[in-house]
Amino acid sequence: MRAFVVSEYRGPLRETDVPEPVVGEHDVLVQVHAAGVNQLDEKIRIGEFKRILPYELPLILGNDLAGVVLRVGSRVRSFEPGDEVYARPGADRIGTFAERIAVAEADLALRPESTTIEEAATLPLVALTAWQALVERGNLQAGQKVLIHAGAGGVGSIAIQLAKHLGATVATTAGAANASFVRELGADTVIDYRSQDFAQVLHDHDLVLDSLGGKNLEKSLRVLRPGGKAIGIAGPPDPAFAREIGASPVLRLAVTGLSAGIRRRARRLGVSYEFLFMHADGDQLRRIATLVDDGTLRPVVGRVFPFDRTPQALEALVKGGIRGKAVISGISPATTTTSDSTET
């Protein structure tokens, strides 16, 4: 089976032949037709998360997929061969830059009927991130104010639309060339990050979704009202995340230290900070599919790359300038043989 793997941290992404996926009794074997490309793929490749998410190398990269069900495990009840699906596999089972992948039934959903296969592939990771930040963690309500950084990017372009659906007033940061685009998505206020300081313009916000980290996150705390919350998806991880992943006492201590500074600054300002590493969730994907099909959410395909140019797709994403999401398409042929797959 063809796949793109990284054999060492910071090493190149290379095509190779890998064994067929092992399909457990609660798994669904999916023929991948398209895969979204995410900043997370690059962070995993360079080893940014290797202490908190240790992967065994060589590793097939890829965190988004849209495709067709080939076979289901003996205890699967929600899917059958031929179903068109999309998913963000669980963090311990990534590998969508491949012809086929086994995905846990609980992480999978039927893809939105109104989308192309490429559009569906852009959605799982970024839409789940937006949902979990704004709905699950942020509890964003109608009439509240939210700042969404990098509004023209993958997460930002979906988060703006979701926040407007929830009835919030939305501010975002974007380059001047993308100002009209993010306004079309629903942004009420657009800050040109090259010429304006958002911390000098915005105030009394209930929630910030930060995808940049560092100094940007620190400044974001200052635009919150007392009791407001900043949710970071670029780090630093916090103690709650360490508990979620069952980290060892030593790792918990290290993670606590990583976020101590930003949490201390937040407390001084009377606000809070949380780190979000989104989790796979088929139920949430079903709700997201409904929002896509009723026109509430519009996937944004920035660039489409053929499967054999997967490394170039990742490089293009890292360089920046892609509006919405980059997608790898044409991964699998129309039919394929699955006799080598094994059910456990």
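This briefing walks through helix packing, backbone features, aromatic contacts and one small sheet in the structure above.

The model is a predicted one: local features need pLDDT of at least 70, side-chain atom pairs count only at pLDDT 80 or more, and totals for chains, interfaces and linings use all residues. Residues are numbered from 1 along each chain as its sequence is written, and side-chain values use heavy atoms, with hydrogens and water left out. Helices (H or I, at least four residues) and strands (E, at least two) are DSSP runs, numbered from the N terminus.

**Helix α11 and its surroundings**

- Helix α11 covers residues 310–319, and its buried residues are T310, P311, A313, L314, A316 and L317. Here buried means under 20% relative accessible area, exposed means over 50%, and partly exposed lies in between (1.4 Å probe, protein chains only).
- A general point helps when reading that list: an α-helix has 3.6 residues a turn, so residues three or four places apart point the same way.
- The cover over the buried residues of α11 comes from contacts (heavy atoms within 4.5 Å), and the elements involved include the strands β1 (2–6), β2 (13–17), β4 (27–37), β16 (301–306) and β17 (325–329), along with helix α1 (39–45).
- Just after α11 comes G320, which has a positive phi near 90°.

**Backbone features worth a look**

- L57 and P58 are joined by a cis peptide bond, with omega near 0°. You will find P58 in the loop between α1 and β5 (59–60).
- Another cis peptide bond runs from G235 to P236, where omega is about 5°. P236 belongs to the loop between β14 (224–232) and α8 (239–244).
- N139 is not a glycine, yet its phi is positive, at about 50°. Its place is the loop between α3 (124–137) and β10 (145–148).
- A150, also not a glycine, has a positive phi of about 55°. This residue sits in the loop between β10 and α4 (154–165), and A150 is partly exposed, with a relative accessible area of 27%.

**Aromatic contacts**

- There are four aromatic pairs in the structure. Rings of Phe, Tyr and Trp (its six-membered ring) pair if their centres lie within 6.5 Å; planes under 30 degrees apart count as stacked, over 60 as edge-to-face and the rest as tilted.
- F241 and F275 make an edge-to-face pair, because their ring centres are 5.1 Å apart and their planes stand at 85°. This pair links distant parts of the chain, with F241 in helix α8 and F275 in strand β15 (residues 272–275), 34 residues apart. Both F241 and F275 are buried.
- F241 also pairs with F277: the ring centres are 5.9 Å apart and the planes lie at 45°, so this pair is tilted. Here too distant parts of the chain are linked, since F277 is in the loop between β15 and α10 (282–293), 36 residues from F241 in α8. F277 is buried, as is F241.
- One aromatic cluster is formed by F49, F241, F275 and F277.
- The charged end of R323 sits over the ring of F181, 4.4 Å from its centre. The test for this is NZ of Lys or CZ of Arg within 6 Å of the ring centre and within 35 degrees of the ring normal.

**A three-stranded sheet**

- Three strands form an open antiparallel sheet in the order β2-β1-β5. Its edge strands, β2 and β5, each pair on one side only.
- Strands count as paired if DSSP finds at least two bridges between them; β1 and β2 have five, in the antiparallel sense.
- One of the bridge partners to look at is E15 in β2, which is matched with F4.
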